Amino acid sequence: VNVRHQGGDTRGPDDNWLGSNSELAGLIRALSWADTPLGPLSEWPQSLRATLALCLAAPFPVAIHWGPGRITLYNDAYRDVLAHKHPWALGRPAPEVWRDLWDVLQPLLDRAVASGQGTWSEDLPVLQQRQGRFEERSFCFSLVPVGGEEQQIGGVLSTVTETTGRARDERPPPRHSEEQLRRSEAHLAQAQRLSGTGSWAFHVATKEIYWSLEHYRMFGIDAGKTPTFEMIVEQIHPEDRQRLARAWEYALDRWINYALDFRIIRPDGEIRHIRSLAQPVWDRSGTLVEYVGTVIDMTEQVRAIEQVRQSEHRFRLLVDSIPHHVWSYRLDGTVGFWNQRLSQYTGLTAAELQNGGWDALHPGDVERVRQAWRRVAATGASYEQEHRIRGRDGLYRRFLSRGTPVRDERGQVYEWFGTDTDVEDHRRAAEALQQAQAELTHVTRLTTLGELAGSLAHELNQPLAAIAMNAAAAQRWLARDEPNLERAREAVERIARDADRAGYVVAHTRGLLQKSRNEKAELDIVQVVRAVLVLIHAEAARHEVVIQENLEKGLPPVLGARVLLQQVLLNLVVNGIEAMTAVADRPRALVIRAQPHHGENGLGVLVAVEDAGVGFGQQDPDRLFDAFYTTKPDGLGMGLSISRSIIEEHGGRLWADRNPGPGATFQFVLPGASVEGP
Amino acid sequence: MSEERSIVFVVDDDQAVRQSMESLLVSLGHEVLTFGNALEFLGHPLPDAPACLILDMRLPGLSGLDLQSELIRAGATIPIIFVTGHGDLSIAEVALKAGAVAFLTKPPHQQRLLDAIEEALRRARGGRQRSAALKVP
């Protein structure tokens, strides 16, 4: 209830019943009751008016708590009971006025109202503040219900008798009271010392200042010295003086409590951080007597906070100066913090970043990254993925994103701290290098072929030349008038020898060519697949194809020529990627599966390459494997034909199927190494 | 006419080629001397009789072209027929410009080889007659 004092004399014609010879009558008249549950003074019921008149006329402390709100009215004698709460208590609900006694008073009040009979309390302790010191007094509250309109209980008349003296008399008289006082002062001083709290009082009229010992100690002043206002101002840090002066002026004007933080410079030059709490003290007549308060040394706390702030600042500086994106990713999918570089690069708002920053991720990478986070979240493992992030310029760059799990005290992972490293230039260089290497390999192979052909020609030329000339010689020796059979026979022998030599050259060369390619060994098909994926990685990325591996563990080994099988797989994967180059309306996904296969000859493996490409329409799938069949303008059509013959040479089968959805699946089965060949 | 005795030198690192070449040329009535490399040939005195040289291009040590230029520098006028496994046009051009009678690839066509030898020996005889005429006017 906000009751405001009204200015001027507002004594109306209708309030003569209040009388005029008491302070409270004046105060009651001056309050704007219209804002309270009691309503305007002129509309108060007769029962209240009569009770209040009785109350104001009483020479001993009487109060009324009226209406369901128990609004408090009282007489002049009651001011002593309220002490510092006067005149604030006027017009306020009883639970507010007697907050500290309410536990006891409420049941008594309620009982009086409910039963319509008077009741009283035992000695109740009331803590009062007088001239900056608290003192305890005891009162007996006698409560009488007062009838309101229409036979309802309107309120409670509370008559108060002080029992302080009596209560004290009942206690044993204090012995050695001076010693007790000294002891309690010593306790207080010790408590102040331990808690780093000093106390003070400022007497308004005399401008006298009182400091406790701890206050002197805190400010570094000799305890004998009398504190003055000038001395205090002198000690306050110059930067804080003006602010403090304004605050004091404001508080003294309004007689209000205050809490102020400031710095002092002690005589020894040390700067301390002080918190000062103060409240005004009124006397019985309601005039401000003094301010009392405490000073608390906050230096350690301030320094600790400052250290945390500095450490936080250094962390920020560090994180912002790292030439990578720095972030933390939480289990709930939100981003805990990010550095400036990340927000500046992406141009995303704080809200967008907080939600995971998915908007900046390349649409082709989103699903893969989500899956990776799901895996990592389930296992609490480290995170590592490469993906494309859109810059504020709209261009995507590739980043290597790495996160390390952070665990709580129970060892549960709840967050990842990580970085994104820009690998775009690196990857481009690597791709260019790979491209160059591929070209070089091609050129080398051609060169090697050319050299091989050259040396083969040379190796064969010599015996062929010898054969030709020996044949000519033999003819000549036989064609003579006297045929020289011996010479002819020698020539023919040399022909046979040279032909053998040519045959040897051819056989050796063929062996050389076949040796590395066709040697079979026990192979783990998963390793063969992985080797191909490594080779094809850049090509897939260039075509924005996401390759999903689905390679089962514990597959039986197969007996095969690694290079040939890799060629088959490479062929199928490249076909799959190329079949999807025109696809724009769905993810370009290539699934590679390796799983056990139970064939006629026992356990083997099945490898399938499933694309989401254009498929092969109504075409007979088997036609694809004909030599020279191709749908590509620059293809020879040898790939699938050769692949099928390689697989069949390994005792397996290679075929193609239409997918239920878009695209085609090429798959082959191979017998396990322990299975007898066909 | 009384056919003068003529000598055909063969320089080739392949023994089978040397043997077959020798057999063929002997069957045609030539006197034949074979060498496995250029230095062996240079160490042999050139005869007074008409002679020609059948020279392989690729040889250990001095190559066929090296031997040709060495002979020109020494003032030897023996006609040369190149027989090589490598039909490189640029090398053939160098050899022919330097005065080679023919540049044949292996295996040599029999008739072309025989024609080249006839032509080489004719040049050898002509050279000797011209020098004899100058010597004995």
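Select E119(B). At 25% relative accessibility, E119(B) counts as partly exposed (buried is under 20% relative accessible area, exposed over 50%, partly exposed in between; 1.4 Å probe, protein chains only). Now add R122(B), which is exposed at 52%. Their side chains meet in a salt bridge, 2.2 Å from N to O (a side-chain nitrogen of Lys or Arg within 4 Å of a carboxyl oxygen of Asp or Glu). The two sit three residues apart in helix α5 of chain B, so about one helical turn separates them (helices are DSSP runs of H or I, at least four residues, numbered from the N terminus).

This is a predicted model: local features need pLDDT of at least 70, side-chain atom pairs need 80 or more, and totals for chains, interfaces and linings use all residues. Residues are numbered from 1 along each chain as written, chains are lettered from A and ligands numbered from 1 in written order, and side-chain values use heavy atoms, without hydrogens and water.

Next, show the interface. Here 23 residues of chain B are in contact with 21 of chain A (heavy atoms within 4.5 Å). Select D14(B) and R501(A): they form a salt bridge, with the closest N and O atoms 2.7 Å apart. The rule finds one salt bridge across this interface. Colour α1 (15–27) and α5 (110–135) of chain B, the elements that give two or more residues to the side touching chain A. α1(B) gives the most, nine residues.

Move to chain A. Select E486(A) and R489(A), joined by a salt bridge at 2.8 Å, N to O. They lie three residues apart in helix α16 (residues 485–518) of chain A, so about one helical turn separates them.
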